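Let's take a walk through this protein, looking at its overall make-up, its empty spaces and one residue in its interior. Have the viewer open as you read.

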Amino acid sequence: MIPLAMGSHVSSEVVAQSPSEEEFPTVVTRDAEIFSKCNETNFEQLSMLNNRVTLVARSCKELRDRYEQHEDGLYYLTTTHGTTYQTFCDMTTAGGGWTLVASVHENNMHGKCTVGDRWSSQQGNNPNIPDGDGNWANRNTFGTVEGATSDDFKNPGYYDIVAEDMSVWHVPNNSPLEHWNLASILRYHTERRFFTLYGGNLHQLFKNYPVRYNVGSCSDKGPSIQILYDFGDKETTKALYGPNPRTEFEPGFITFRAINNERAAMAICSGVKPTTGCNTEHYCIGGGGYIPQYDPDMCGDFGSLDWPHSTGWKASKEMIEAAVLLFYR
């Protein structure tokens, strides 16, 4: 033991908490065992996951129906043109069979329409590119499924799967895949088979309802579909937004291509339907590459959910710091 210097004072409590030379090897051994267990390879689990490569299907619903797969997790799907890709299947909610096709993640609320804003514009708030990156209606893909809460994500299923309904999860940023379900602040789905009226997926829907600037009046919006809550309810949905937006929308719906006062179209209104107002940039996400007012405060994947000019319009921290995961079935 190293002797204390003259005049030093150490409380008996601190001394009692410090491991002795005899105890220290035990502490090291215990920590080493924990580290070893965390880094052990579960070959049985890996083998099971690898075997999923042999299952041939275009959607998680087909995997459920054809191969009787009922466990949430990562699976492999194949497009009509033979492209194989990995995604997450929700095999338990409302009967399962939900395919994750995209996530919208705001990487920087202070960087409006900059690099990373793939669902609006990465080229600034620019009147010369009213469609922005155009990813709601094109066949671009990006991101990784395991990073879907840390970055934007879009896989080939977004345009390849012919679906009937969709599900939406709002999951805190950077949540690991195995925690998505329990960590969600909102989860809901439709059961109206509405995609059968709009081409079977979001790719086709947004080709018919363009997301850009100068597309019409705020009364000219896309479809609003009633939702069923899997976690949360109408009141918790309202509480995630500011007091001013709550007077403009009705919770319990998912709405597409809602237009604001500046005639710019948002892509999706998360769990709500605009009713009495046109300030949709405060409670809807995604959109084109140009909104003229308050340049650039209304631009970006999460628009003005963080509105800096009035706290009454600002969404909650929980909503701003959660990725929006989009599923098909």
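## What counts as a cavity

A cavity here is a set of grid points where a 1.4 Å probe fits but cannot get out, and a residue belongs to the lining if it has an atom within 4 Å of such a point. Keep in mind that you're looking at a predicted model.

## The closed space

So what turns up? Searching the whole structure for cavities of 30 Å³ or more gives just one, and the largest cavity holds about 60 Å³ of space.

Which residues line the largest cavity? Ser 120 is one of them, along with Ala 264, Ala 265 and Met 266. The glycines Gly 286, Gly 287 and Gly 288 are there too, as are Tyr 290 and Ile 291. Met 298, Cys 299 and Gly 300 complete the lining. By type, that lining has seven nonpolar and five polar residues, with no charged ones.

## The open pocket

Now for the largest pocket, with a volume of about 320 Å³. Its lining takes in 15 residues, and those nearest the centre are Asp 72, Gly 73, Phe 88, Leu 177 and Glu 178. Three elements each give two or more residues to this lining: helix H3 (43–51), strand S1 (73–78) and helix H6 (180–183). H3 has the largest share, at three residues.

How do the pocket's lining residues divide by type? Seven are nonpolar, three polar and five charged.

## A look at Ile 285

Ile 285 sits in strand S13, which covers residues 284–287. Is Ile 285 buried or exposed? With a relative accessible area of 3%, Ile 285 counts as buried, because the cut-off for that is under 20%.

Leaving aside residues up to four places away in sequence, Ile 285 touches Val 104, Met 266, Ala 267, Ile 268, Ser 270, Asp 301, Phe 302 and Val 324. One of these, Met 266, also helps line the largest cavity. As for Leu 305, it's 20 residues along the chain from Ile 285, and their C-alpha atoms are separated by 8.4 Å.

## The chain as a whole

Stepping back, the protein chain has 10 helices and 14 strands. Of its 329 residues, 50% count as buried. The chain exposes about 15800 Å², with carbon and sulfur atoms supplying 50% of that area.

What about contacts across the sequence? Taking those between residues at least 6 apart, 61% join residues at least 24 apart.

Methods
Residues are numbered from 1 along each chain as its sequence is written. This is a predicted model: local features need pLDDT of at least 70, side-chain atom pairs count only at pLDDT 80 or more; totals for chains, interfaces and linings use all residues. Side-chain values use heavy atoms; hydrogens and water are left out. On a 1 Å grid over the protein atoms alone, a cavity is a set of points where a 1.4 Å probe fits but cannot get out, and a pocket is an open set with protein on both sides within 12 Å along at least five of seven lines; lining residues have an atom within 4 Å of a point. Grid points are joined across faces, edges and corners, and a volume is the space filled by probe spheres set on the points. Ala, Val, Leu, Ile, Met, Phe, Trp, Tyr, Cys and Pro count as nonpolar, Asp, Glu, Lys and Arg as charged, and the others, Gly among them, as polar. Helices (H or I, at least four residues) and strands (E, at least two) are DSSP runs, numbered from the N terminus. Buried means under 20% relative accessible area, exposed over 50%, partly exposed in between (1.4 Å probe, protein chains only). Contact means heavy atoms within 4.5 Å. Accessible areas come from the Shrake-Rupley method with a 1.4 Å probe; for residues, only the protein chains shown count as cover.
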